[in-house]
Each structure stands twice: as structure tokens, then as C-alpha cells.
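Colleague: I'm just starting to read protein structures, and I'd love a close look at a single part of this one. Could you pick a pocket and walk me through what surrounds it?

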Amino acid sequence: MAKMDMYNNIAPLLQIPPLAYSATETPATGADLQGYESCTFIITTADITSGTWTVTFEESDEESANFTEIDAADLLGSAPGPFTNSGAFDEKIYKVGYIGTKRYVRCVVTETAMGTANFSVIVERGNPHSAPTPTDLNA
């Protein structure tokens, strides 16, 4: 039975909304990790109808510039995929942790063969310097 409070200690950020995509999806800005000590990317898939899709993670000291791919040593777990229309990737949830030192992070989903895929990415920020975290996450 759950006894610990996680509700007041996380701040999820919807980085890529759940939609059908037919091209590479690169968020314009990174998720700001200032004030948080942990971060996990949550990737969800629905229907991968065609094509091949790869997931990469990027970091930067700037909100919307100079992003570079995160070194594997700074990730807990590995990028899922590549996603294809085999059915093996439909309706799944994946998580990848980040233990690097940059302030901004983002997930990029790249189309490497023409297709359509339904997916979303949430950046789960945790262990805040100041709790409780805001209850209105859409403000």
C-alpha cells in the first residue's frame, strides 16, 4: 500500500502532445529542470501506422538553442525503438531517466522512413527544491 507522497514532489511537463505525427517532432524549447533534482522522460505510443521512428534525447544550458545529444552515461535506460508498424510498439509506455547536469532537456522523435505515428512525450521533473509543486500544471 502506498504511504509516501509523490503528488507534491513531481511536476510533469507535456513536451510533445498526444497526436498523429507524419514528420520529425522537435520541441522548440527544452524542459526547464531548474529547481528539480531528478528527471524522467515518459514516451507513450498509440498506433504506429507506417514508417520508422527513432527517439533521441538532447540537453542544453539554453532554453531553445545549442542542444546536443545526451551521452548514454547520463541516461538511465535507453531510447526505445526504433518504432515501426510491426504492432510491437503500439499502445506502450517507456521511461528513460536523466542524470546529467544541463538545465534544459528535450526528446526528439525522428521520422526516418515516411510514415505516421501516434505518440507523446512527458518530462517528469521530480525531487523539487521547494515542495509542494504547483497543482495547476497548465498555467
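Modeller: Let's begin with strand 3, residues 36–48, which gives the most to the lining of the second largest pocket: four residues. Keep in mind that this is a predicted model. The pocket itself has a volume of about 170 Å³. Its lining includes Tyr36, Glu37, Ser38 and Cys39, and also Leu33 and Gln34. Further along the chain, Tyr98, Ile99, Gly100, Thr101, Lys102 and Arg103 line the pocket too. By class, the lining residues are five nonpolar, four polar and three charged.

Now see how strand 3 fits into its sheet. The sheet is open and has five strands in the order 1-9-3-7-6, paired antiparallel. In general, strands of a sheet pair through backbone hydrogen bonds. The edges are strand 1 (10–21) and strand 6 (75–76), each of which pairs on one side only. Strand 6 joins strand 7 (residues 93–98) through two bridges, again in the antiparallel sense, and Leu76 stands opposite Gly97 there.

Finally, follow Tyr36 from the pocket lining to another neighbour. Tyr36 is among the residues touched by Thr133, together with Tyr7, Asn8, Asn9, Ile10, Ala11 and Pro128. Thr133 lies in the segment after strand 9 (117–128). Is Thr133 buried or exposed? Thr133 counts as buried because its relative accessibility is 6%, and the cut-off for buried is under 20%. A polar atom of the Thr133 side chain also lies 2.7 Å from the backbone oxygen of Ile10.

How values were computed. Residues numbered from 1 in each chain as written. Predicted model: local features only at pLDDT ≥ 70, side-chain atom pairs only at ≥ 80, totals over all residues. Heavy atoms only, no water. Pairing = 2+ DSSP bridges. Buried < 20%, exposed > 50% of the residue type's maximum accessible area, 1.4 Å probe, protein only. Polar contact = N/O pair within 3.5 Å; in protein donor to acceptor, adjacent residues only side chain to side chain. Contact = heavy atoms within 4.5 Å. 1 Å grid on protein atoms, 1.4 Å probe; cavity = no way out; pocket = protein on both sides within 12 Å on 5 of 7 lines; lining within 4 Å. Points joined across faces, edges and corners; volume = space filled by probe spheres on them. Nonpolar A, V, L, I, M, F, W, Y, C, P; charged D, E, K, R; others polar. Lists of a residue's contacts leave out its neighbours within four places in sequence.
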